Amino acid sequence: MSGTPQPPPYPPVLASLTVNRPTIFLGETVILTGRNFGPNETVDITVTTQPLAAPAAGTARRSDGSTVAMAPVAFQASAPLTFTARTNARGEFSRRYTPSVTGLLTFTAVGRESGRTASTELRVLHKKKPHLPVTGSSTSTPMKVGGGLVAAGAVMLLGTVLWRRRRFGSVN
């Protein structure tokens, strides 16, 4: 029995979520971009955080010589953050995001109507200490003071020589 040929199955449309920079410093802003969600759809975005480097479990010595057990600690709030984005007619969205915590952030986007999901990660590092540019010599003030003292010494020496010549006459 021959059946009618079936068209090849289309691969499922996979939603994607990207971030324009994979690593930033606290206080900087990234742009999340979602694609292949439903047209004109609300997308729920959940952000979960985990510390970049949690301390290992071990022991610490007190000042009296005794030891105490150390356990890993979460440095940021463990509750995820949530917000929404609205897609355009092509199922795409862009959303600016400025993290308020450091660590490894995982963004998970879920389309309310299409049910399509995507996720991406972002590393947020502590702010760098500013490196101030050197715009002049850091020795200028000490050099001015030193130069002034040398000049004052020269004036005093010249004054002493003149005083001695007047008082004792010309000495050869």
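**Note on the predicted model: Thr108, two sheets and a core**

1. Thr108 is partly exposed, since its relative accessible area is 31%, and partly exposed covers the range between under 20% for buried and over 50% for exposed. The structure discussed here is a predicted model, and the remarks below should be read accordingly.

2. Thr108 belongs to strand β9. Leaving aside residues up to four places away in sequence, Thr108 is in contact with Asp44, Ile45, Thr46, Ala118 and Ser119. Thr82 is 26 residues from Thr108 in sequence, and the C-alpha atoms of these two residues are 9.5 Å apart in space.

3. The sheet that holds β9 is open and has five strands, in the order β2-β10-β9-β4-β7, with mixed pairing. Its edges are formed by β2 (23-25) and β7 (81-86), each of which pairs on one side only. On average, neighbouring strands in this sheet are turned by 30 degrees against each other, direction ignored.

4. Within the five-stranded sheet, β4 (residues 42-50) pairs with β9 (residues 103-111) in the antiparallel sense, and eight bridges join them. One position of this pairing may be checked directly in the model: Gln50 has Leu104 in β9 as its bridge partner.

5. A second open sheet consists of three strands in the order β1-β3-β8, and its pairing is antiparallel. Strands β1 (16-19) and β8 (93-97) each have a single partner strand, so each has one side without a neighbour in the sheet. The average turn between neighbouring strands here is 20 degrees, direction ignored.

6. In the three-stranded sheet, β1 and β3 (residues 30-35) run antiparallel and are joined by four bridges. Thr18 has Thr33 in β3 as its bridge partner. As general background, strands of a sheet pair through backbone hydrogen bonds, in either a parallel or an antiparallel arrangement.

7. The largest nonpolar core comprises 21 residues, and the most contacts inside it are made by Ile45, Tyr97, Leu105, Phe107 and Leu122. At least two residues of this core come from each of β1, β3, β4, β7, β8, β9 and β10 (117-125). In soluble globular proteins, nonpolar side chains tend to be buried together.

8. Which residues does Tyr97 touch, not counting those up to four places away in sequence? They are Glu28, Thr29, Val30, Leu32, Val47, Leu81, Phe83, Leu105 and Phe107. Two of these, Leu105 and Phe107, are also named with Tyr97 among the core residues with the most contacts.

Technical notes:
Residues numbered from 1 in each chain as written. Predicted model: local features only at pLDDT ≥ 70, side-chain atom pairs only at ≥ 80, totals over all residues. Heavy atoms only, no water. Pairing = 2+ DSSP bridges. Axes fitted to C-alpha atoms, helices over the stretch in contact; angles between N-to-C directions. Core = buried A, V, L, I, M, F, W, Y, C linked by side-chain atoms within 4.5 Å. Buried < 20%, exposed > 50% of the residue type's maximum accessible area, 1.4 Å probe, protein only. Contact = heavy atoms within 4.5 Å.
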